[in-house]
Amino acid sequence: QAFWSQFSMNPLPVQQQNLLAFFSLLQEVYRLFHLKLQEKNWITYGTRIRELAESDEKPPFEKLYFAGFYYLSKGEQKFLKRWIEAGIAEVWFDTDDWYLQNPVHEAGLSFRNLRRKGFPVPSGNQNIRENEHHVTVHNISGKVSQAKAAAQLIESWTFQGEMMNERIALILPDSKLLFPLLSALPANIPAINITMGYPFQETPLFSLLSELQNIQLKSRILKNQVFVRVDSVKAILFHPWITVSDETEIQAFLRKAADSFLPEIVITELQKQFSDPVLQLLFRDIKNGIQLFELLNALTEILRKKMLTKTASNESKPETEAISGETDEEIPLFIPEMEFLFVFHQKISQLAEIWKRYSIQTDLSLTWKIILEVLYTTKIRFSGEPVTGIQIMGLLESRLLDFEKIIVLSMNEGSISG
């Protein structure tokens, strides 16, 4: 209500007129979108649920079993209840009276609502109350300190031979803890399996793109020459993913910048200064969105080759040694950086295809804004073998799984609600 109250002016500002025009198009865009899906015999999850709820359609199976559900939407409730009553489906809920029978316990709210609607939610389980649990709480501030404490605890367990590594789970409600943890884990762990999402905006590659954006958008043209800020150039040179074979080039540039006291430098001078192919690419003068996509695709390929070369040069070292942070490498050799490049290449290729297909013409500023907006919402999905090694996962990924030992990091308000 507060938002729409801003639209009471007459006449409306141009920005608000454009917003209203955009909203007026949404219904037609939605209709055309679904027509396109029908042409390809595709369907969205929500539309399929609605079809099942509003029809008498039966599944192409004699029997269906649903296990582990906590919340069911109205559409899901409608067709599942119909299938249960027809003897086609069975739904198994994992509950405990500790929260199910407590009317103020939020963990049982959805189960209590489903039971009132006739779903077979069982009661009588007393596992939480009857089974013996040993919980130790450590007060540790800082992500790095938490990661080191978890690593020391795991090392003590494995050293004492209490259990196989597969029975240990590390739960990370805060995904930012992943790489501090990987760097802290001991070298005697034979295998690690990661099953969680990691925000792309937390990756070194995203920070490199941000620095590249600063160079391009903060540049200015004077007498047909493009000037870029020296501090933006330094941020690129000191980035952990930028490694050059000739360090003297960087030292020469830093001395020249310090002696001249100039805040800007001509971009063509940078290309003469550095021979490294990555720097040659990053310090290229870009005019529009199409050229930017070409640059980013080329950058991805060069970085990929560098990563492969670095991995090949260290393949004689145990993988766990690289993870433990005991090498001299700036970037851990556990392949996440290749995952970063793969996901980035996918996103950039998709956007470039859209630009090409519809002949979109955009300036650098708008193109960068769209690219970063897409990457902000992108998560990198690590997956592996769930029966091998210590399991590292997010909070949601740990549901319905059973472990002998569990370490939950960052048990703070904001990371875990309640």
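## Salt bridges in the predicted model

K176 is partly exposed, with a relative accessible area of 40% (partly exposed lies between buried, under 20% relative accessible area, and exposed, over 50%, for a 1.4 Å probe and protein chains only). The structure is a predicted model, in which local features need pLDDT of at least 70 and side-chain atom pairs count only at pLDDT 80 or more, while totals for chains, interfaces and linings use all residues. Residues are numbered from 1 along each chain as its sequence is written, and side-chain values use heavy atoms, with hydrogens and water left out.

A salt bridge is defined here as a side-chain nitrogen of Lys or Arg within 4 Å of a carboxyl oxygen of Asp or Glu. Across the whole structure, the search finds 15 salt bridges.

One of them pairs K176 with E202, the closest N and O atoms being 3.7 Å apart. This contact links distant parts of the chain, 26 residues apart: K176 lies in the loop between β3 (168-171) and α8 (178-184), and E202 in the loop between β4 (192-199) and α9 (204-217). These elements are DSSP runs numbered from the N terminus, helices being H or I of at least four residues and strands E of at least two. E202 is also partly exposed, at 30% relative accessible area.

Two further pairs are set out below.

| Salt bridge | Closest N to O | Relative accessible area |
|---|---|---|
| D231 and R229 | D231–R229: 3.3 Å | D231: 44%; R229: 33% |
| D285 and K287 | D285–K287: 3.0 Å | D285: 32%; K287: 48% |

Elsewhere, R48, E51 and E57 are joined into one network by salt bridges that share partners.
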